[in-house]
Amino acid sequence: MGSNAAENHPISFKWLTEAREKRGAKIISVDPRFTRTSARSDLYCPLRSGTDIAFMGGMFNYILQNKLYHEEYVRWYTNATFIVKDSFGFEDGLFTGYDPEKRSYDQNQWAFETNEDGTYKKDMTMEDPRCVLQIMKKHYERYDIDLVCRITGTPKNKYLEVIEAYAATGAPDKTGTIMYAMGTTQHTVGTENVRSFAILQLLLGNIGRAGGGVNALRGESNVQGSTDWALLYHILPGYLETPQAKRDPDFETYCAVETPKTGYWVNKPKFIASLLKSWWMADDPAKSYNYIPKRIDGKHYEHIALFEAMYKEEIKGLFVWGSNPIVGGPNANKEQAALAKLDWMVAVDLWQTETSEFWSYKAVERPTDKDEYGIKTPEDIATEVFFLPACSSFEKEGTVSNSGRWMQYRWKSADPVGDSKADLEIVHKLGLKIKELYAGSSRVEDEPITHLTWDYGHGDHPDIDLIAREINGFTVVDGKPGPQVANFTKLMADGTTACSNWIYSGCYPADEYLSKRRDNVDTAPPGAKPIGSYLNWSWCWPVNRRIIYNRASATPEGQPWDTDRASIWWNGEKWIGNDIPDFGGTKDPNGPGGRNAFIMRPEEVGCIYSKRNEGPLPEHYEPWESPIKNLLNSQDLNPAVVIWEPEKQGQTDKYPIVGTTYRVSEHWQSGVMTRMQPWLAELMPNCFVEMSEELALEKDIKNGGKVIISTTRGDIEALACVTKRFKPFLIDGNYVHQVGVLWHFGFNGYAPDEPANRLTPHIGDANTMIPEYKAWLCDVRRA
Amino acid sequence: MARMTNLYDVSKCTACRGCQVACKDWNQLPAVIEPFTGNYQTHESTNGDTYTIIKFMEHEDPVDGIQWNFLKFNCMHCFDPACMDVCPQEAITQTEWGAVIKDYDKCIGCQYCTYACPFEIPKYRKREDIVTKCTLCYERVEEGLEPACARTCPTGALTFGERDQLLQVAEERVKFLRANGFPRATIYGKLELGGLNKLFVLTDTPDKFELPIDPKVPGQITFWQDWIQPYFGWLIPVALAGSAVSFVTTRILANKNGDHTEGGHE
């Protein structure tokens, strides 16, 4: 659901095929259209884009009403037993504490009741009307099957088949897994979509267990790595918050404010101190903390926010690194117009991209004369553009982290072509040059650069081994790297250790860089079955643990729920098994805290109920541009999202068709790498728009013919793919059409065509601001 | 030597088309970029620079709902290859293990083989005046490697090995599929045309994959194969003798009739 694994993660599909053959697994595909994944699934079920929470809410309701959840698991390993304060309430789409002016909530009103000693009040029978399970039951009562189907457009019989098949995994000896991707996240309710999967998996006892989990299929092979390494504005490496100017003025305050009182995160000061030490080895962390730029409290710095700021000429310069926003970014016309307002831009990529050539004549061509954002022609653009050729992944070495958190080393297979360089080398040279420019300065404001530790060998390419040792962390001896630490449990808050990312600490504990391991033997303790852990293949964060929260794979007493899928178990003295215990190794299951399976949470249990910007439980809201009013409550749009361009909201009178975008196996992301390859261009030579036969008939569109798709943001021309695989949805008694456009195309390469993102809006999720690429309104006509 | 072949199991194919690219890569074939025509399929059929394609076929019926079938389409390497039989240059041969291969130095581009093939697979490459097709990567196989397509297949839809063993795998697989939602699952290539050195596990009847249910070599080719080619050795003297006899007899008859004019009665 929310992923098209066979097409976009083809290797992952190999394992689904194997599960079906070896264990009789059933594959369910939930998607607005019938895809190559659906073609290889046992059950296909359609839904209209943007209605996932309604779909999931109906499942919760069915599971709770019929008591199909994994009761013991829910009782011990989730917060279903917690008592919620009286200040929590919900009415007509709004939780208590909403401020319509700020479009945000006072989340304290949703807190749990606590005892005098600070521990949480619980009802282990889960019958108290204020306990999470009962609140949830009441919340989702409204999501009855018929109403859900009126919203999602799903045929009722298919919906029931899905619910019954999936709810069966709530049996203690069964597991089910959910694979999701951008079909889930790229919505104004993206975070709550993912949360709803986590809730379903907790209800059915499918988290922390082999064969369970919520699997994020990443859009790129190293998205996991990039997140771990904080390629996002709100975190530093290892998921440490970036400091906010008012909230975290100094190191002491940061540690006090950002560190929770319970759970493993109580160790946060050790991690931030060691991170600062790895950057400024000669300085005390309390001092070097001041070197980190602070963000303005509450201000947005996400992709959309940055381009909005560029459009308003608040940003002067931009590095575009392996990124092609005028093809891949939302509202690409606006983003293209924004680039022309920069003083300078540096693009780093394998080829000239559409973005690096945004100033060219090719970039101005449009199928109609609609221009909402003032696209400039070359003679009017003053932006100075630099291009740095980067080499491909096969021409450089280093690690990639997959979505299973494995840190795998990849060796170089060919030398870089021409003057192209590895990203690491480009950064390294840039770093050295900047340090050179500041050398000799004694100004205090230059200290972040003059004091910066940048010691990675003498070559043009930095020494990866030195970087890896720093990632693992070491003891600082006389201001220099000393012996490496075993793992993050040895890190200190007093500036005596340095570690550039605590979650990766342990990857290079002594003389062996564990990411290079390639032992493909799957071993198990005597008398147990292996479960596919492959503990000696590469290395996995944290501390080589393959399934996090694996305490939940065992009963409260410490024995496997299912001996076929035994992860760890209690042998009377300690935890042993097929994985590294995500738990105190000798913590007695019957002792204090012996059943707290989710150690990274302050409450140490899985969160069915959890504070997000739009509420503690997922509620269905329509996409920003929707063909209908919300049938579940009178809030059409997620009440906590930021509205950037209210005047650009398309209405059904002009734009009655639901639009979405997606990828195909044959191209990669914005197509920069694949459109330049003739063999791949041959496989998918054009941008096409998939639509039902019914819509084609209505609009007199021929299969393979040219069509114009328009939204309030712009128009594009594409070829029609009229197919039986896309059907109109019966939504609340009326037929609603949906179309889907490939977003891989731009004006360069062997398969040039128009970027679908000229259609998509500048609006994002209420927590992450990930753009709502997947559901918007458009119109389609013959070109 | 045992026959070696590819088993292609459509129930595992996700139509990622890695095989199509691997084929072009190994054989160093140029891209033939044709505009999108409304179907994911790249080309109508194979062409001179494209030895293998994945076909995409949509079917819909009230019982099974939508089916989207994929088929890897390329040379079947027939046990008794019609193309080999008709080739006047003996450019087409069969390896001991069953690959039907071609010597492009001998090929004169006459295209007889394209008409002889019951599956219409070999295609003319104008650039070099030759007819090309899949070779089952015989040069790889003879070095102990698998064909490029089987090597690259990520889902296990393509496996390469001894035909007898793969046939057993296929039979088991068909049994499994018939019991698991595909009652019309079948093997293709076991008996067709006396046997193909290419095995398919299909989830439905062959016509749902645009494969002929009972493929036949065209009639005139059979005639050529059964009558003309086997006797080719003495056919020439017979033909020569025939024309000599005809020459003499017509002269005699002409002389008898006293008809000396050439073509101009009117």
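Start by selecting Glu313(A): just past helix 15 of chain A, this residue takes a positive phi of about 60 degrees. Bear in mind as you click around that this is a predicted model.

Now step back into helix 15 itself, residues 303-311 of chain A. Which of its residues are buried? Show side chains for His303(A), Ile304(A), Phe307(A), Glu308(A), Met310(A) and Tyr311(A), and you have them. Turn the view until you look down the axis of helix 15: the buried residues fall within an arc of 160 degrees, so they line one face of the helix. The spacing makes sense, because an α-helix has 3.6 residues a turn, so residues three or four places apart point the same way. What do the buried residues pack against? Add helix 17 (332-339) of chain A to the selection; that is the partner.

Next stop, the sheet. Select strands 11, 12 and 13 of chain A, which make an open sheet in the order 11-12-13 with parallel pairing. Strand 11 (317-321) and strand 13 (384-389) are the edge strands; each has a single partner strand, so one side of each is left without a neighbour in the sheet. Ignoring direction, neighbouring strands here are turned by 15 degrees against each other on average.

Zoom in on strand 12 (residues 344-349) of chain A. How many bridges join strand 12 to strand 13? There are six, and the two strands run parallel. For one spot to label, pick Val348(A), which stands opposite Leu388(A) in strand 13 of chain A.

Time to zoom out and show the whole of chain A. DSSP-wise you should be colouring 22 helices and 29 strands. The C-alpha atoms fill a box of roughly 75 × 70 × 55 Å along the principal axes. A compact globule of 783 residues would have a radius of gyration near 28 Å, and chain A has 27 Å, which agrees. Colour by burial and 49% of the 783 residues come up buried. Draw the contacts between residues at least 6 apart in sequence, and 70% of them join residues at least 24 apart.

Last, bring in chain B. The contact takes 25 residues from chain B and 32 residues from chain A. On the chain B side, select helix 1 (18-27), strand 2 (53-61) and strand 3 (65-73), the elements that give two or more residues to the side touching chain A. Helix 1 of chain B supplies the largest share, three residues. Colour that side of chain B by class to finish: eleven residues are nonpolar, eight polar and six charged.

Key:
Residues numbered from 1 in each chain as written. Chains lettered and ligands numbered in written order. Predicted model: local features only at pLDDT ≥ 70, side-chain atom pairs only at ≥ 80, totals over all residues. Helix = DSSP H or I, 4+ residues; strand = E, 2+ residues; numbered from the N terminus. Rg over C-alpha atoms; globule rule 2.2 N^0.38 Å. Buried ≥ 20, exposed ≤ 12 C-beta atoms within 10 Å, placed from the backbone. Contact = placed C-beta atoms within 7 Å. Nonpolar A, V, L, I, M, F, W, Y, C, P; charged D, E, K, R; others polar. Arc of directions from axis to C-beta. Pairing = 2+ DSSP bridges. Axes fitted to C-alpha atoms, helices over the stretch in contact; angles between N-to-C directions.
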